[in-house]
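Visitor: I should like to examine this structure with you and to ask how each label is justified.

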Amino acid sequence: MRPYHTQYGLWGLRLTQTRADLLDASRILEEAALDKYVFQRDAYLQRRRSLVYDGHPPREKEPEDDDPKNTR
């Protein structure tokens with residue numbers, strides 16, 4: 001058996017494992033989300049925000065922070 005045969009076999013095994021892991025993730029999506037699109041969009045935006053700020057995003061403003069009458 002040639003060395004590249006082993007390499008291709010391991011590559012195929014890795015793809016199979018990745019696919020199995022993704023099936024678990026899609027099952028969680030089916031169970032957790034009322035609206036799959038909104039769930040995936042929000043997850044993407046949260047991840048992107050975390051990547052942009054290197055894992056330490058600033059706190060989001062609370063709605064009451066915009067109230068000029070609020071003097072804390």
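Visitor: How many helices and strands does the chain have?

Guide: The chain has two helices and zero strands. Helices (H or I, at least four residues) and strands (E, at least two) are DSSP runs, numbered from the N terminus. This is a predicted model, in which local features need pLDDT of at least 70 and side-chain atom pairs count only at pLDDT 80 or more, while totals for chains, interfaces and linings use all residues. Residues are numbered from 1 along each chain as its sequence is written, and side-chain values use heavy atoms, with hydrogens and water left out.

Visitor: What makes the pair Tyr-4 and Tyr-8 edge-to-face?

Guide: A search of the whole structure finds one aromatic pair. Its rings, those of Tyr-4 and Tyr-8, have centres 5.9 Å apart and planes at 65°, so the pair is edge-to-face. The rule is that rings of Phe, Tyr and Trp (its six-membered ring) pair if their centres lie within 6.5 Å, with planes under 30 degrees apart counting as stacked, over 60 as edge-to-face and the rest as tilted. Tyr-4 and Tyr-8 are four residues apart in helix α1 (residues 3-32), and are therefore separated by about one helical turn.

Visitor: Why does Tyr-8 count as exposed, and why does Tyr-4 count as partly exposed?

Guide: Buried means under 20% relative accessible area, exposed over 50%, and partly exposed in between (1.4 Å probe, protein chains only). Tyr-8, at 54%, is therefore exposed, whereas Tyr-4, at 38%, is partly exposed. Of the 72 residues of the chain, 3% count as buried.

Visitor: How do you know that Asp-24 and Arg-27 meet in a salt bridge?

Guide: A salt bridge is a side-chain nitrogen of Lys or Arg within 4 Å of a carboxyl oxygen of Asp or Glu. The N to O distance between Asp-24 and Arg-27 is 3.0 Å, which satisfies that limit. The two residues are three apart in helix α1, and so are separated by about one helical turn. Asp-24, at 40% relative accessibility, is partly exposed, and Arg-27, at 47%, is likewise partly exposed.

Visitor: Which other side chains meet in a salt bridge?

Guide: The structure holds two salt bridges; one of them joins Arg-41 and Asp-42, at 3.5 Å, N to O. Arg-41 is partly exposed at 36%, and Asp-42 is partly exposed at 32%.

Visitor: How do you know that the span of helix α2 agrees with expectation?

Guide: The expected span of a helix is 1.5 Å times one less than its number of residues. For the 17 residues of α2 (residues 36-52) this should be 24 Å, and the end C-alpha atoms are 24 Å apart, which agrees.

Visitor: What caps the N-terminal end of α2?

Guide: Asp-35 does, with a side-chain oxygen 3.2 Å from the backbone nitrogen of Tyr-37.

Visitor: What makes the phi of Asp-54 notable?

Guide: Most residues other than glycine have a negative phi. Asp-54 has a positive phi of about 55° although it is not a glycine. Asp-54 is found in the segment after α2 and is exposed, with a relative accessible area of 66%.

Conventions: Polar contact = N/O pair within 3.5 Å; in protein donor to acceptor, adjacent residues only side chain to side chain.
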